[in-house]
Amino acid sequence: MEKDRGPKISKPNFVQPGESMVPPPSPQELMLEEAPALSAEAVEGKPVSDKEKQKKSPTPFQDSMRRLRRDKRAIFCIGVIMLYILIAIFGPPIYKLAGPSYKSDMSNTVIPASVYRDFTHQEADRKHEGPSAQYWLGTDSIGRDLFSRLMQGMLISIAVAVVVEVLDIILGVAIGVLAGYYGGWIDFFLARFTDVIFAFPGLLFIILLVGILGTKANDMLGSVPVIGANGNARLLFVSVGLALTVWPLMARYVRGQTLQLKEQQFIEAARTSGATDFTIIMRHLIPNLFSIVIIASTLNIANTIISEAGISLLGLGVQPPGSSIGLMISDATDFLQNHPWEALLPSIVLVIIVLAFSFLGDGLRDAFDPRSKD
């Protein structure tokens, strides 16, 4: 009897009849076939770098900007505000160069556009005119170009808003951070001082300030080219008065946010590493207050523009021959029945810019609020 033959064992590199000449796949090739999405570093067992992880996970600021870009109303308001600023800054010089010269019937002289399109120039024989090639939006009760005066008023509103917000941020952030970070008697004193200022009527304080110092403003600042020229001397006191009445709200926001931030782990880590209080405040606290400061400032700009217009409407702001939106409305109130356009035009511009800043502030609040959802 023949013994049972066991399985045939081929020697290495020895090919049996009918077998293929293709070598078997290696373990690495099998891994690539089963998981083609893996990177070469992962197949070889190397750790994925931190840069690749950062690319996959956006930062909180990037998430906020993405939410803001998806807010069509906020993006539209940004466009309106940018157009407003461009017209106020670059509009007057372009407008003066774009017009034709004309011969005045009263003086019998040729007047260039750079003269009759100046917001202080008066033409007694061109009162209450409608829109034309010379005066795009017409003239007022003493023959001044309405478009030139409107652009000057827009520039005044921007200048006052910038000055007020700069002072508001400096005072509000400084006092709010100190009160929230140190606490104790410093917090008690600053909080009570903020409550006193916050409770004082802002309009009454501005009327008191301008009433006392406004009469001396032209004498003290009248020779200054930008601040005191064309009846703008009182604007400095108006801006300071507005800033001194709005900073307590900013300080409250900053203090509340600081109380939350100082208990976070990264602040404790900074203290453990030996960082001073000044370093912690400047490098860790203030940068993390960016969102609340920007939101509060944007919303406050709308109130500042309304306040400046109201003060000028009362005759306490810009003085003739200067121009502001409130002063234009005040000058046109006596001619509402026959020439309503002169008061309606600055009112429409005021409403548009206030709504633009208000809606933008709402969009920023929704975008930078960590609790907001897509």
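The exercises below, each with a worked solution, explore a predicted model of one protein chain.

**Exercise 1. Describe the chain as a whole: how many helices and strands does the protein chain have, and what percentage of its residues count as buried?**

Solution. Begin with the secondary structure, where the protein chain shows 15 helices and two strands. Next turn to burial: the chain has 374 residues, and 37% of them count as buried. Then consider the surface, where the chain exposes about 22400 Å², with carbon and sulfur atoms supplying 64% of that area. Finally look at the contacts between residues at least 6 apart in sequence, of which 65% join residues at least 24 apart.

**Exercise 2. Classify the ring pair formed by tyrosine 95 and phenylalanine 147, and find which helices hold the two residues.**

Solution. A search of the whole structure finds nine aromatic pairs, and this is one of them. A pair of aromatic rings is described by the distance of the centres and the angle of the planes. For tyrosine 95 and phenylalanine 147 the centres are 4.9 Å apart and the planes stand at 85 degrees, so the pair is edge-to-face; the cut-off needed for this step is that planes over 60 degrees apart count as edge-to-face. Tyrosine 95 belongs to helix H5 (residues 72-98) and phenylalanine 147 to helix H7 (residues 146-182), so the pair ties together parts that are 52 residues apart in sequence. Both tyrosine 95 and phenylalanine 147 are buried. The surroundings complete the picture: Tyr95, Trp136 and Phe147 form one aromatic cluster, while the charged end of arginine 117 sits over the ring of tyrosine 95, at 4.0 Å from the ring centre.

**Exercise 3. Work out for phenylalanine 290 and phenylalanine 368 how their rings are arranged, and decide whether each residue is buried or partly exposed.**

Solution. The ring centres of phenylalanine 290 and phenylalanine 368 lie 6.1 Å apart with the planes at 70 degrees, so this pair is edge-to-face. It links distant parts of the chain, since phenylalanine 290 is in helix H13 (residues 290-313) and phenylalanine 368 is in helix H15 (residues 341-368), 78 residues apart. For the burial step, recall that buried means under 20% relative accessible area. Phenylalanine 368, with a relative accessible area of 13%, is therefore buried, whereas phenylalanine 290, at 41% relative accessibility, counts as partly exposed.

**Exercise 4. Identify which residues touch the most other members of the largest nonpolar core, and which helix gives the most residues to this core.**

Solution. The largest nonpolar core has 34 residues, and those touching the most other members are Tyr84, Leu150, Ile305, Ile353 and Phe357. At least two residues of this core come from each of H5, H7, H13, helix H14 (325-332) and H15, and H15 gives the most, with 11 residues. To see one member in detail, take isoleucine 305 and leave aside its neighbours within four places in sequence: it is then in contact with Ser157, Ala161, Leu350, Ile353, Val354 and Phe357.

**Exercise 5. Compare serine 297, isoleucine 281 and leucine 171 by asking where each lies and which residues each contacts, leaving aside neighbours within four places in sequence.**

Solution. Serine 297 lies in helix H13, and at 8% relative accessibility serine 297 counts as buried. Its contacts, once neighbours within four places are set aside, are Glu165, Ile169 and Met250.

Isoleucine 281 is found in helix H12 (residues 277-285) and is buried, with a relative accessible area of 11%. Under the condition set in the task, isoleucine 281 contacts Val177, Tyr181, Tyr182, Ile286 and Pro287. With valine 177, which is 104 residues away along the chain, the separation of the C-alpha atoms is 7.7 Å.

Leucine 171 is found in helix H7 and is partly exposed, with a relative accessible area of 30%. Under that condition, leucine 171 is in contact with Leu244 and Trp247. Leucine 171 and proline 248 are 77 residues apart in sequence, and from C-alpha to C-alpha they are 8.4 Å apart in space.

**Exercise 6. Examine residues 285-306, which the unreviewed UniProt entry lists under "transmembrane region", and state what percentage of them is helix in the model.**

Solution. The unreviewed UniProt entry lists several such stretches, including residues 196-215 and 285-306. Over residues 285-306 the chain is 82% helix and 0% strand, with the end C-alpha atoms 32 Å apart. Over residues 196-215 the chain is 90% helix and 0% strand, and there the end C-alpha atoms are 28 Å apart.

Technical notes: Residues numbered from 1 in each chain as written. Predicted model: local features only at pLDDT ≥ 70, side-chain atom pairs only at ≥ 80, totals over all residues. Heavy atoms only, no water. Phe/Tyr/Trp six-rings, centres within 6.5 Å; stacked < 30°, edge-to-face > 60°. Buried < 20%, exposed > 50% of the residue type's maximum accessible area, 1.4 Å probe, protein only. Lys NZ or Arg CZ within 6 Å of the ring centre and 35° of its normal. Contact = heavy atoms within 4.5 Å. Areas by Shrake-Rupley, 256 points an atom, 1.4 Å probe, with all protein chains shown as cover. Core = buried A, V, L, I, M, F, W, Y, C linked by side-chain atoms within 4.5 Å. UniProt positions renumbered as here; feature names shortened; annotations may be inferred.
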